[in-house]
Amino acid sequence: MVSRRQFLIGGAAVPFLSYLDLATTAFADTPKDILVVAQQLDNMTSLDPHESFEAVGGEVISNMYQKLVRANAEDPSKVDPVLAASWEADAEGKVFTFKLARATFSSGAPVTAEDAAFSLQRAIKMNKGAAFIINQFGFTADNVESRIVASDDTTLVLTTEKPTAIAFLLYCLSANIGAVVEKKVVLANEVNGDRGNAWLQKNSAGSGSFVLQSWKASESIALTVNPHGPYKGNLKRVILRHVTDPSAQLLMLQKGDVDIARDLTSEQLKTLQGDPTITLVRKQIASLVLMSLNQSNANLAKPQVWQAVKWALDYKGMQENIVPLTHTIHQSFEPAGFPGAIDDTPFQKDVAKAKALMAEAGLADGFDITLDHYAAQPYPDLAQTIQANLGEIGIRVKLQSAENRQVLTKMRARQHEMALSAWGTDYFDPNSNAEVFNINKDNSDDAKSKPFLWRSNFKNDDFAAKAEAARDEKDPAKRIALYEALQREHMNNSPFVFMFQTVRTAACRTAVQGFRLGVLSEANSYQETTKA
């Protein structure tokens, strides 16, 4: 049997233990310079920052790479410099010039504007899942080398296709798709013109706080400190262990076998409240729980029914009794923690008001409808409460439970009537959600673009125009005001019933300080984490 000490600090010779070994071995507390985290890691397919578009992978990548800028952790209306020391736009809002600060890759080489240009060009040319975040500025494989250029070692110039709000551009560049990789190292590992993709999937070439030591799919990830990076704490390694069972995570945390447990349920978190040996780090994340009413159904197409459903639901009761530690009430399309997000919660259970709206719609006797929902908790419990709430105003709901992918497939085919699902935001700018819930240029079944609102046959040209105006507004304060106004109008005049926002909790032993959770997973950071 490999000793725990060997497991934690051993190199390539004994880098991993199976989950069974880890879970059944009695261990002492973890070493002070090594952080061990229990986490579900099975949704990762790549650690190439210009390819990965998954939550856990995004988190790991953001701890190994730096971008030009990042969103301020405390104030979402601000963008902080990272590799870019400063930036400016020309009068037309099409040419953006970045001056780079001093930074060093894990190899010891300096970060240059040429590395930054190569990285953004690479992201566009590879055209993987997240490339849309920056190719929406008009960059293509054919033009990117002329529109993203390094004019000298410290100056990067981006030229967009159309006049662009600098706030919009900066927030998009703060996403992992904007990560800067070391050009020389990546090209040295290129195979058959893949731009180093196969190598970078399981290696790193960044200037962030950590370097990838090893990754074994669905088992573990080991990170070592980048000696040239920004990390200044006492950790030497961070080890993420794939532990699927939250109960096992809890036991390991309580015994001191791990320092942080990342996937505990509400019931398990309740047992830790008040525990002096554990600190709970909580953060609302950009994942919203909502109901979608398909406008192809004549009854659901009535605006009074939209309103009736919103006034029939017992949001407070569901939050307090079903999802007290994992969700908060949220009723607009922008998640809390995002620039321009509002915290208005105008809707609460009012049966009399909901019934009056049903009567106004000519549906005083109600109607029958099917509600599709995810099979995993808490969705079944939420669906049963929704069924009871809507029954009080005459809407007779048949529940249809299915796996997440089956519900989404049905919605993408526009075959649902009502659906209870979740939506996760793609990148840290209000346009990300404003676009998918407001802009539908073509509502035909064979439309080329099929955003979330298209799935429910909803098209509102006024909302689309307002979302585009907000996206393109150059004045940052006016831009935020436009998004705030649009959210208030949308919540009252759309067939989407926003109910909750997900809360993530990291349970940490008190020796651990400085671990941060972000609204998006790529903001989850070990950069300031220390261990006593």
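**Exercise 1.** Does Ser-525 count as buried or exposed, and what is its relative accessibility? Work it out on this model, which is a predicted one.

*Solution.* Start with the location: Ser-525 sits in the loop that runs between strand 18 (512-513) and strand 19 (530-531). Next, look at who is around. Skip the neighbours within four places in sequence, and Ser-525 is in contact with Asn-63, Gly-514, Phe-515 and Arg-516. Now the accessibility: the relative value for Ser-525 is 17%. Buried means under 20%, so Ser-525 counts as buried at 17%.

**Exercise 2.** Take Asn-135 and find which element holds it, then work out how exposed Asn-135 is.

*Solution.* Asn-135 belongs to helix 5 (residues 132-135). Its relative accessible area comes out at 27%. The buried class stops under 20% and the exposed class needs over 50%, so Asn-135 is partly exposed at 27%. For contacts, leave out residues up to four places away in sequence; Asn-135 then touches Ile-124 and Asn-127. One distance to check on your screen: Asn-135 and Glu-161 are 9.9 Å apart, C-alpha to C-alpha, with their positions 26 residues apart in sequence.

**Exercise 3.** How do helix 17 and helix 19 run relative to each other?

*Solution.* Get the geometry first. The axes of helix 17 (residues 431-438) and helix 19 (residues 461-472) come within 9 Å, crossing at roughly 165°. Angles over 145 degrees count as roughly antiparallel, and helix 17 and helix 19 are therefore roughly antiparallel to each other. The handedness of this crossing is left-handed.

Then list the residues that meet. Helix 17 brings Asn-431, Ala-434 and Asn-438, while helix 19 brings Phe-463, Ala-464, Ala-467 and Arg-471. Sort the residues of this contact by type and you get four nonpolar, two polar and one charged.

**Exercise 4.** Which residues touch the most other members of the largest nonpolar core?

*Solution.* The largest nonpolar core has 62 residues, and the ones touching the most other members are Met-291, Leu-390, Leu-420 and Met-499. Among the contributors to this core, helix 12 (residues 303-312) gives the most, with six residues.

Now zoom in on Met-499. Not counting residues up to four places away in sequence, its contacts include Val-289, Leu-290, Met-291, Leu-313, Tyr-315 and Leu-420. Two of the names from the first step, Met-291 and Leu-420, turn up in the contact list of Met-499.

To finish, look beyond the largest core: apart from it lies another core, of 43 residues, including Val-69, Ala-165, Ala-175 and Phe-338.

Methods. Residues are numbered from 1 along each chain as its sequence is written. This is a predicted model: local features need pLDDT of at least 70, side-chain atom pairs count only at pLDDT 80 or more; totals for chains, interfaces and linings use all residues. Side-chain values use heavy atoms; hydrogens and water are left out. Helices (H or I, at least four residues) and strands (E, at least two) are DSSP runs, numbered from the N terminus. Buried means under 20% relative accessible area, exposed over 50%, partly exposed in between (1.4 Å probe, protein chains only). Contact means heavy atoms within 4.5 Å. Axes are lines fitted to C-alpha atoms, for helices over the stretch in contact, and angles run from 0 to 180 degrees between N-to-C directions. Angles under 35 degrees count as roughly parallel, over 145 as roughly antiparallel, 65 to 115 as roughly perpendicular and the rest as oblique. A crossing is left-handed if the near helix is turned anticlockwise from the far one by less than a right angle, and right-handed if clockwise. Ala, Val, Leu, Ile, Met, Phe, Trp, Tyr, Cys and Pro count as nonpolar, Asp, Glu, Lys and Arg as charged, and the others, Gly among them, as polar. A nonpolar core is a set of buried Ala, Val, Leu, Ile, Met, Phe, Trp, Tyr and Cys residues joined through side-chain atoms within 4.5 Å.
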